[in-house]
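Q: I am new to this structure and would love a close look at one part of it, the nonpolar core and the aromatic rings. Could you walk me through it?

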Amino acid sequence: MRLTRYFLPVLKENPAEAQIVSHRFMLRAGMIKQQAAGIYSWLPLGYRVLRRIEQIVHEEQQRAGHIPLLMPTLQPADLWRESGRYDDYGQEMLRIKDRHERDMLYGPTNEEMITDIFRSNVSSYKDLPLTLYHIQWKFRDEMRPRFGVMRGREFLMKDGYNFDLDRDAALHAYNRHMVSYLRTYERMGLTAIPMRAASGPIGGDNTHEFLVLASTGESEVFYDDRVTQLKLGDREVDFDNRAEVLGICDEFTTLYARTDETHDAALFEQVPEAHRKVGRGIEVGQIFYFGTKYSAAMGATVTTPDGSKVPVEMGSHGIGVSRLLGAIIEASHDEKGIIWPEGVTPFPVGIVNLKQGDGAADAACDALEKALLARGLEPLYDDRDERAGAKFATMDLIGLPWRITVGPRGLANGVVELTSRRSGESEEMSPEAAVARVAEIYAAHR
């Protein structure tokens, strides 16, 4: 992709309406445009990151054995009346009528609809366990939408729903989701801590939120800082092995970590003082176990081995896909702009031509572009007729993890410059070596 053919409307000045870093940089980097309060168009650069995050979520959900589908954004109100939530949900729900005066709503979540799908098609314990999920746009009519995609009204969300015969199986589904989420966030370069939380309008007794530590977070959090050192890494997980999955969950939830809603001062005092931390966090996901709250109300039952009928045990599990962009930027930036982790970057590497129109520099950049594409890596090539400083500023702002700089002086010595956005360190090497180094780096993120 070449910048002279791309749509990247970067801004030089900080937008007045942007109050936090992620909102400011997403607007300046030409990733989003506000269309109404809390509602955004996703411009090409932002859309690439959004789709990369969505891809990682899909891969980790399916690794855990969960099955994708797609439900509509609009839902009939009658389903929500069955569960009893239509009147209880409050003004965040956008209620509408179609041309036939039927009550509809723009879905804020999908417990009712997925329960209806289940009860229409499953009637025997032999079809369990079952976990279905989708990634779909949601709408919650926030009273004060703010902070860009961090607290918007329309947002992209992964929501999954498990159906199990008994409590033990449903709790295993809960644990399975926790492990799959831990791997999902790690692949995005995030440390997302599972914290005991309140269930809110979803309901249920068991729930954890996943929070990324950031000074701009909306939630006050209390935690043992040793939890931030825990990693899944490259561990192979058998998601059908209940003991193994439970063991990982225990590993990540034994150390104290709670939001202000569930904070227990007496328990927190038992954490060694050197490890006792108070901060702020950004919620990027939440998992719930709520038993038969919806299945009993909506008649989602299965026949058991002894011939009786029981309501299925359920849980729901969400990841804020669009919100994650803001969280990643809040956790990974400097004064110059975004610093994308390799797992979610819109382009793996940028090519900067210091002397556009110079035959040798143009040929070298063309060759680099072709060599990277041959390795399955699509670079963003800045082929504009601009000053070097302007090109570097654009690359720093949009935050690609690696940059290859090509100029006549270096080419005379047979080298280009490979620069790390995160460390700022540069190294001269042959064009072939630069391509090989970038390919090696990204091999670990596939």
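A: Here is a tour that begins with the whole chain and then moves to the core, a helix beside it in the story, and the rings.

Please keep in mind that this is a predicted model. The chain is built with 13 helices and 23 strands. Its C-alpha trace spans about 80 × 60 × 45 Å along the principal axes. For 446 residues, a compact globule would have a radius of gyration near 22 Å, and the 24 Å of this chain agrees with that. Of those 446 residues, 54% count as buried. Contacts also reach across the sequence: among those with a separation of 6 or more, 71% are between residues 24 or more positions apart. As for the outside, the accessible surface comes to about 19600 Å², and 48% of that belongs to carbon and sulfur atoms.

Now to the core itself. The largest nonpolar core has 68 residues, and the members that touch the most others are M31, I53, Y185, M188, F210 and V284. Helix α5, residues 167-187, gives the most to this core, with 7 residues. Apart from it lies another core, of 25 residues, which includes Y86, L130, L132 and V302.

I53 is a good residue to follow by eye. Setting aside residues up to four places away in sequence, I53 touches M188, V321, L324, L325, I328 and V344. Among these partners, V321, L324, L325 and I328 are also buried residues of helix α9. That helix covers residues 321-331, and 10 of its 11 residues are buried, so α9 is largely enclosed by the rest of the structure. Others on its buried list include S322, R323 and E330.

Next come the rings. A pair of aromatic rings is described by the distance of the centres and the angle of the planes. The count for this model comes to 10 aromatic pairs. In one of them, Y181 and F210 have ring centres 5.5 Å apart and planes at 55 degrees, so the pair is tilted. This pair links distant parts of the chain, since Y181 belongs to helix α5 while F210, 29 residues away, belongs to strand β10, residues 206-213. Both Y181 and F210 are buried. Ring pairs also join Y181, Y185 and F210 into a cluster, and Y185 and F210 are two of the core residues already named for touching the most other members.

For another geometry, look at F290 and Y294: their ring centres are 4.9 Å apart and their planes stand at 70 degrees, so the pair is edge-to-face. F290 counts as buried at 7% relative accessibility, and Y294 is buried too, with a relative accessible area of 1%. Y294 has a charged partner as well, for K293 lies over its face at 5.4 Å from the ring centre. Y86, from the 25-residue core, has a charge over its ring too: the charged end of R81 sits 4.6 Å from the ring centre.

A last stop is F252, which has its place in helix α6, residues 242-253. F252 counts as buried, at 4% relative accessibility. Leaving out neighbours within four places in sequence, its contacts are L182, P194, V227, L230, K231, L232 and R235. To get a sense of scale, try finding P408 as well: F252 and P408 are 52 Å apart in space, C-alpha to C-alpha, and 156 residues apart in sequence.

Note on methods:
Residues numbered from 1 in each chain as written. Predicted model: local features only at pLDDT ≥ 70, side-chain atom pairs only at ≥ 80, totals over all residues. Heavy atoms only, no water. Buried < 20%, exposed > 50% of the residue type's maximum accessible area, 1.4 Å probe, protein only. Helix = DSSP H or I, 4+ residues; strand = E, 2+ residues; numbered from the N terminus. Core = buried A, V, L, I, M, F, W, Y, C linked by side-chain atoms within 4.5 Å. Contact = heavy atoms within 4.5 Å. Phe/Tyr/Trp six-rings, centres within 6.5 Å; stacked < 30°, edge-to-face > 60°. Lys NZ or Arg CZ within 6 Å of the ring centre and 35° of its normal. Rg over C-alpha atoms; globule rule 2.2 N^0.38 Å. Areas by Shrake-Rupley, 256 points an atom, 1.4 Å probe, with all protein chains shown as cover.
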